[in-house]
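The following note is intended for a colleague who is meeting this structure for the first time. Its points are numbered for ease of reference.

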Amino acid sequence: MSAVVSLKDVTFSYSGPKVLDRVSLEVQEHEFLGLVGPNAGGKSTLLKMLLGLLKPLAGEVRVLGKRPEQSCTQVGYVPQYPLFSREFPISVEQTVLMGRLGVSGLFGGYGRRDRDVARQAMVETETIDLATRQLCTLSGGQLQRVLMARALACEPQILMLDEPTANIDMRVETEIFDLLKKLNSRMTIIVVSHDVGFISGYVGRVACLNQTLVCHPTAAIDGEAIRSLYEADVKMVEHHQH
Amino acid sequence: MEFFSALMNHAFLQYALAGGLLASIGCGVIGSYVVVKRIGFLAGGISHSVLGGMGIAFFFGFSPLGGALVAAIASALLIGWVRLTWREQEDTLIGTLWAVGMAIGILFISKTPGYSVSLMSYLFGNILMVNPEDIWMMAGIDLVILVTVFFCYQQFLAVSFDEEFARLRGVPVTFFYLLLLCMVAVTVVLLIQVVGLILVIALLTLPAAIAAHYVHSLGKMMVLATLLGMAFTLVGLALSYGPDLPAGATIILVAGVTYLISLFATTLQKRKVMRRQLQQAMK
């Protein structure tokens with residue numbers, strides 16, 4: 001087992017108070033890590049740093065042993081708020097194929113293998129029946145699956161998801177996490193969530209982030225215990241600030 | 001009908017029509033990107049700041065269209081750089097470039113000896129003055145656009161759709177974004193002949209916006225927008241010929257009215273469909 005993600009004393013601020021304060025974290029290969037914490041606790045910021053979209057003010061970030069800007073093509077990313085317009089004239093299949101962009105050369109279109117991989121990703125996320133549908137006709141849950149298919153089409157070694165079930169009902173949430181559990185056998189997964197009670201049934205370890213970071217194994221603890229642990233941590237962090 | 005018999009007899013009308021049809025190709029293909037990426041304001045900034053380049057070219061006695069091409073690409077790169085660097089103040093900065101470009105143009109033109117009326121033809125276009133040389137240049141620009149889009153279709157699509165994701169996939173987003181803006185710039189120059197730089201933005205966006213009402217892929221949008229652009233220039237030319245109206249303005253009005261009708265019709269249609277679905281659900 002080797003660390004696929006390592007953060008050392010990472011500090012970050014947008015322009016004001018620190019969002020991350022000397023955060024250190026190691027994620028092992030094939031780990032399923034839940035990143036939880038209150039709003040504005042720095043969860044999305046940390047994820048963006050792992051993707052190389054943001055650079056730390058201090059400290060070191062390594063993903064797959066490389067700088068995040070170099071490793072980001074081997075990472076599948078499911079954003080919380082996709083930046084595209086829902087009205088964009090594009091089909092589900094075309095959207096999923098975008099995951100192949102970095103792989104198929106700089107210019108030109110997609111090859112046969114690209115289509116096969118995209119197809120496989122749609123089968124896995126159960127979006128294959130939606131392949132020809134327009135993006136604007138999808139429900140929230142369907143869109144989320146399509147975004148996961150797009151990330152899987154990257155054939156990633158690490159899958160990073162930012163609040164994948166924020167606007168989705170409980171039933172779909174369970175389905176999505178069952179799928180993540182299955183995918184975990186072949187890739188490392190880091191999932192950001194505010195719902196620690198729910199994800200503790202799936203993830204192997206919980207990292208609580210509120211400027212600073214504390215890790216807990218979930219193996220021997222049930223959901224309720226995690227919740228109380230989590231609340232205690234928040235208090236601890238507040239104490240730390242004073 | 002008068003127009004069509006005149007078309008047979010007058011070479012200048014044939015050139016005008018050829019120019020209009022060639023311009024439609026550029027506006028259909030690149031206009032589709034402008035519409036889906038919602039960069040109409042950027043395109044407006046590029047097209048208006050082109051006046052600066054034309055004014056300078058006028059002053060030093062170069063070809064105004066050559067000046068326009070250089071100015072269009074320069075302002076596209078400048079505006080692209082502004083957007084990528086200062087996203088928060090994007091609209092103010094683009095508005096500034098828009099106005100400053102025009103101001104430079106007006107200053108240089110006013111100091112050009114023998115200030116000519118032909119300036120008006122660049123502001124409002126004069127498709128009837130298109131000559132064979134222009135036709136070749138327009139065909140050349142179309143070729144550049146089509147070849148570029150052919151090779152960069154997926155990359156332009158990715159950059160238009162989701163810049164952040166494209167960047168994560170290792171696509172050189174800045175390069176393709178600026179290349180796309182340069183394509184907008186050369187399209188603007190293409191359209192200046194037909195409708196003038198003030199009205200460029202209408203012909204760039206209206207055909208593609210109408211196409212978006214009916215088709216749901218970028219490729220189909222390009223084809224339909226091109227055909228619509230061709231129809232508008234043809235109808236506009238024909239309508240303007242009899243009463244001797246300015247052709248560029250007539251073309252824009254035809255396109256604008258069609259857009260409004262299409263918007264109205266598709267909105268009604270959507271409501272009708274939704275009401276029917278609701279009724280079926282109630283049964």
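1. Helices H3 and H4 of chain B are oblique to each other. The model is a predicted one, and the two helices pack at an angle of about 140 degrees. An angle over 145 degrees would count as roughly antiparallel, so the value of about 140 degrees leaves this pair in the oblique class. The axes of H3(B) and H4(B) lie 7 Å apart, and H3(B) passes H4(B) in a right-handed crossing.

2. The contact between these helices may be read residue by residue. H3(B), which covers residues 40–59, contributes B:Leu42, B:Gly45, B:Ile46, B:Ser49, B:Val50, B:Gly53, B:Met54, B:Ala57 and B:Phe58. From H4(B), the residues that meet them are B:Pro64, B:Gly67, B:Ala68, B:Ala71, B:Ala72, B:Ser75, B:Ala76, B:Ile79 and B:Arg83. By class, the contact of H3(B) with H4(B) is made up of twelve nonpolar residues, five polar and one charged.

3. One of the residues in this contact, B:Ser75, merits a separate point. B:Ser75 belongs to helix H4 of chain B, which spans residues 64–85. Is B:Ser75 buried or exposed? Its relative accessible area is 8%, and a residue counts as buried under 20%, so B:Ser75 is buried.

4. The surroundings of B:Ser75 include partners from the other helix. Leaving aside residues up to four places away in sequence, B:Ser75 touches B:Ile46 and B:Ser49; both of these are among the H3(B) residues that meet H4(B). In addition, a polar atom of the B:Ser75 side chain lies 3.2 Å from the backbone oxygen of B:Ala72.

5. A second helix pair in chain B is formed by H1 (residues 2–9) and H2 (residues 11–37), whose axes are 6 Å apart. Their packing angle is about 105 degrees, and H1(B) and H2(B) are therefore roughly perpendicular to each other. On the H1(B) side the contact involves B:Phe3, B:Ala6, B:Leu7, B:Met8 and B:Asn9, which meet B:Ala11, B:Leu13, B:Gln14 and B:Leu17 of H2(B). Seven of the residues in this contact are nonpolar and two are polar, with no charged residues.

6. Chain A is described here by its overall figures. Its secondary structure consists of eight helices and nine strands. Chain A has 242 residues, of which 54% count as buried. Among its contacts between residues at least 6 apart in sequence, 68% join residues at least 24 apart.

How values were computed. Residues are numbered from 1 along each chain as its sequence is written. Chains are lettered from A and ligands numbered from 1 in the order in which they are written. This is a predicted model: local features need pLDDT of at least 70, side-chain atom pairs count only at pLDDT 80 or more; totals for chains, interfaces and linings use all residues. Side-chain values use heavy atoms; hydrogens and water are left out. Helices (H or I, at least four residues) and strands (E, at least two) are DSSP runs, numbered from the N terminus. Buried means under 20% relative accessible area, exposed over 50%, partly exposed in between (1.4 Å probe, protein chains only). A polar contact is a pair of N or O atoms within 3.5 Å; within protein, one must be able to donate a hydrogen and the other to accept it, and residues adjacent in sequence count only if both atoms are side-chain atoms. Contact means heavy atoms within 4.5 Å. Axes are lines fitted to C-alpha atoms, for helices over the stretch in contact, and angles run from 0 to 180 degrees between N-to-C directions. Angles under 35 degrees count as roughly parallel, over 145 as roughly antiparallel, 65 to 115 as roughly perpendicular and the rest as oblique. A crossing is left-handed if the near helix is turned anticlockwise from the far one by less than a right angle, and right-handed if clockwise. Ala, Val, Leu, Ile, Met, Phe, Trp, Tyr, Cys and Pro count as nonpolar, Asp, Glu, Lys and Arg as charged, and the others, Gly among them, as polar.
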